[in-house]
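Please keep the sequence and the model side by side while reading the paragraphs that follow. They go from the sheet to the packing around it, and then to a few single residues.

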Amino acid sequence: MALIKDAPPAWLVLANGRICKGRHFGASGTALGEVVFSTGMTGYQEALTDPSYAGQILIQTFPQSGNYGVNSEDFDSPKAHVSGYIVREWCNTPSNFRMEDNIDSFLKAQNVIGLYDIDTRSLTRLLRDQGVMNGAVTTEDPTPRLEALLAEIRAYSVQNAVENVTCKEISTRKTDNAACRVVLMDFGCRSYVPAQLAERGCEVITVPAMTAAKDILALRPDGVVLSEGPGDPAENTGIIAEIRTLAESGLPLFGIGLGHQMLALAMGGTTEKLLHGHRGANQPVLDLEGGRTYVTSQNHGYAVTSIPEEAGTVTFINANDRTIEGIRYTACKGFGVQFAPVSHGSTVDTDYLFDVFAQSMQTGKEGK
């Protein structure tokens, strides 16, 4: 696959003043975001449509993207959420029997600016050393307006992240002879979550992120799932208060990603922003209770840093930096994990966590 050398130029401008010139594919214009990188070798469709990337400009560390085209069946949500997309090369002649389109057409349709023919390895090393930083992707020469653009970049922050990606109304996924009813709080949920619950015989009621605990309890669920999502967990003070009420209700809770972080905050834990986050389908996690190592799919820039001893026990840690990846609570009927238990672009070794949750709901029903 050769680079398309006659494509028009495009630029990445970083908050530290560095300007990287590449070539343009996808949509045209200018977009601001937090510049991050993902280490996955596959799964670019899933990354582009993952709501947890809202407000971010994504760099793929793997040098080629788009080789197997675009297939809507593998999307993690109905649309793209990234602010910009940066790759070393993109494939203009993809080949796969399931493909519906190529990545260039998809980015154009989703109004996402793409850059290629750019040194992604150098950019990744910069972000690893200095941490994620704000930036802008643009198809217009930034030189004449550089100072004004840098001021915009440095002032940028992701605003109302969860509110922007959550569903707007309640929806129900029914299952014949449902064994349990689950309420799924949508903080930026990926498509695999309701699918996994339905496979286990659950009726799934998906509700917007800001739904009050009393309204969730009025639906008479057997358990509540707190989904993944974007942004700083500590900013969602209202949602955290509602999660605390749900924890006090005695219902089984299962937090994933952002949901895991907010559950920890509701139970008295703390979180902090990581230097460059964990993003990709190859993140190693140690199971402290089972003694195994799992390769997991992750996409987050924040992590739980502590949990009160009386509230719960750490069950998983990251094998690279030892950050907390999972907690089992003793102060409520809940547990949470930082990683995705199932992912289109990764392993399904940890899908048993949905079985654990389903069993906790069944046990709760039998004890009533």
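Two strands are taken to pair if DSSP finds at least two bridges between them. In this predicted model, an open sheet of 10 strands follows the order β10-β12-β11-β13-β14-β19-β18-β17-β15-β16, and its pairing is mixed. The edge strands, each of which pairs on one side only, are β10 (171-173) and β16 (293-306). On average, and with direction ignored, neighbouring strands of this sheet are turned by 20 degrees against each other.

Within that order, strand β18 (residues 324-329) pairs with strand β19 (residues 334-337) in the antiparallel sense, over three bridges; arginine 328 has phenylalanine 335, in β19, as its bridge partner. Helix α6 (residues 192-199) lies across β10, β11 (180-186), β12, β13 (223-226) and β14 (253-256), and it runs at about 155 degrees to β12.

The packing comes next. The largest nonpolar core has 32 residues, and Met185, Phe187, Val224, Ile243, Met267 and Tyr329 are those with the most contacts inside it. At least two residues of this core are supplied by each of β11, β12, α7, β13, α8 (237-249), α9 (258-266) and β18, with the largest share, six residues, coming from α9. Tyrosine 329, leaving aside its neighbours within four places in sequence, is in contact with residues that include His260, Leu263, Ala264 and Met267, as well as Phe335. Another core, of 24 residues, lies apart from the largest one, and among its members are Cys180, Tyr192, Val193 and Tyr294.

Which elements flank threonine 211? Its place is in the loop between β12 (202-208) and α7 (213-218). Threonine 211 counts as buried because its relative accessible area is 14%, which is under the 20% limit used for that term. The side chain of threonine 211 reaches the backbone oxygen of proline 208 at 2.7 Å, and, not counting residues up to four places away in sequence, threonine 211 touches Met185, Ile216 and Glu242.

The cysteines remain to be considered. A disulfide is a covalent bond between the sulfur atoms of two cysteines, and a search of the whole structure finds zero of them. For cysteine 167, the closest cysteine sulfur is that of cysteine 189, and because the distance is 8.9 Å, the two are too far apart for a bond; the cut-off applied is 2.5 Å between the sulfur atoms. Both residues are nonetheless buried, cysteine 167 with a relative accessible area of 18% and cysteine 189 with one of 14%.

Key
Residues numbered from 1 in each chain as written. Predicted model: local features only at pLDDT ≥ 70, side-chain atom pairs only at ≥ 80, totals over all residues. Heavy atoms only, no water. Helix = DSSP H or I, 4+ residues; strand = E, 2+ residues; numbered from the N terminus. Buried < 20%, exposed > 50% of the residue type's maximum accessible area, 1.4 Å probe, protein only. Polar contact = N/O pair within 3.5 Å; in protein donor to acceptor, adjacent residues only side chain to side chain. Contact = heavy atoms within 4.5 Å. Axes fitted to C-alpha atoms, helices over the stretch in contact; angles between N-to-C directions. Core = buried A, V, L, I, M, F, W, Y, C linked by side-chain atoms within 4.5 Å.
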